[in-house]
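Colleague: I am new to this structure. Please take one part and walk me through it closely, then show me what surrounds it.

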Amino acid sequence: MHAALAGPLLAALLATARARPQPPDGGQCRPPGSQRDLNSFLWTIRRHPPAYLFGTIHVPYTRVWDFIPDNSKAAFQASTRVYFELDLTDPYTISALASCQLLPHGENLQDVLPRELYWRLKRHLDYVKLMLPSWMTPAQRGKGLYADYLFNAIAGNWERKRPVWVMLMVNSLTETDVRSRGVPVLDLYLAQQAEKMKKSTGAVERVEEQCHPLNGLNFSQVLFALNQTLLQHESVRAGSLQAPYTTEDLIKHYNCGDLNAVIFNHDTSQLPNFINTTLPPHEQVTAQEIDSYFRQELIYKRNERMGKRVMALLQENQDKICFFAFGADGT
């Protein structure tokens, strides 16, 4: 899974964290005047030596690095063992993530999706491919990236993917997200730095534990979710809807240290919020079922499982400074 879902262990902490005033609507946070102006996404586990829990965000690290306080960077530097949700530097992890997204038995999306839904999906992806060159930045072109490569990196082999993963893919094919490609996200950047510094690294989750809950949605729920996702993006394209949660919103709230913002309480930036009052009653029931399923599988059960593993790692490494980096943004 390209974006980890639901920041484990941090959910309870985020609700009690101090929020700084938000900037004017549509603005970004100003660069901080001093370290004292920065809100810390770092929690210290008091023991000797200490251990740390740090909330990351799945966006290019360059967009947030200047807003991360020195105490968080110092804790990372001092640590001898660094743990992530998944080991994104491990080729097996990347391969397993790709495999779990594929339809079984060599099936194609055209074989499993209702005809009209399939063609709406294809039309939307054709639109994205057409727009991609104009969405790209000069910096991306300067690095030798080109539109076809970017499209294939994000949407390659889409006809072989399970519908739920196509839904997530569609949500990552926006102008803002495309313009951020080519720079490591914060989680991956920290993993790369840890390797350079010869730190011991590890993961607290297995690929299957992230994949199976998504693959566990029943087919009617998946069709509903994909249809709602396409409706949302079609409305944005038509100019009749503004995207409710965007990557820019996530970056702004993270940089502002606004942990109480509604976007951080939304389960994940990758999953659309299907619950809205305009749905007919029977569809509201389906939306509520999906929401409850994701909360149970991707928040509550996952937090408990990962919390136990963090405790076990702390017991095993009582003489080591451990640094745990998990998603605070729901990505």
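Modeller: Start with the disulfide count: in this predicted model it comes to one. A disulfide is a covalent bond between the sulfur atoms of two cysteines. Here the bond joins Cys-100 to Cys-211, with 2.0 Å from S to S. The angle about the S-S bond is -55°, and the link of Cys-100 and Cys-211 is left-handed. Now look at where the two ends sit. Cys-100 belongs to helix 3, residues 91–100. Cys-211 belongs to helix 11, residues 207–215. The pair therefore ties together parts that lie 111 residues apart in sequence.

Are these two cysteines buried or exposed? The cut-off for buried is under 20% relative accessible area. Cys-100 has 14%, so Cys-100 counts as buried. Cys-211 has 1%, so Cys-211 is buried too.

One more cysteine deserves a look. Cys-322 has a relative accessible area of 0%, so Cys-322 is buried as well. The number 322 also opens strand 5, which covers residues 322–327. That leads us to the sheet.

Five strands make up this sheet, which is open. Read across, their order is 1-2-5-3-4, and the pairing is mixed. Strand 1 (42–45) and strand 4 (200–203) are the edges. Each has a single partner strand, so one side of each has no neighbour in the sheet. From one strand to the next, the twist averages 20°. Strands of a sheet pair through backbone hydrogen bonds, either parallel or antiparallel.

Take the antiparallel case at one edge. Strand 1 and strand 2 run antiparallel, joined by four bridges. Within that pairing, Thr-44 stands opposite Tyr-52 of strand 2. The two strands form a hairpin, and five residues lie between them.

Next, the parallel case. Strand 3, residues 81–84, pairs with strand 5 in the parallel sense. Four bridges hold that pairing. One residue to find there is Phe-84, whose bridge partner in strand 5 is Ala-325.

Finally, add a helix to the picture. Helix 10 spans residues 186–196. Helix 10 lies across strand 2 (51–56), strand 3, strand 4 and strand 5. Against strand 2, helix 10 runs at about 140°.

To go back to the start: the disulfide links helix 3 and helix 11, and both of its cysteines are buried.

Definitions and conventions: Residues are numbered from 1 along each chain as its sequence is written. This is a predicted model: local features need pLDDT of at least 70, side-chain atom pairs count only at pLDDT 80 or more; totals for chains, interfaces and linings use all residues. Side-chain values use heavy atoms; hydrogens and water are left out. Two strands pair if DSSP finds at least two bridges between them. Axes are lines fitted to C-alpha atoms, for helices over the stretch in contact, and angles run from 0 to 180 degrees between N-to-C directions. Contact means heavy atoms within 4.5 Å. A disulfide is a pair of cysteine sulfur atoms within 2.5 Å. Buried means under 20% relative accessible area, exposed over 50%, partly exposed in between (1.4 Å probe, protein chains only).
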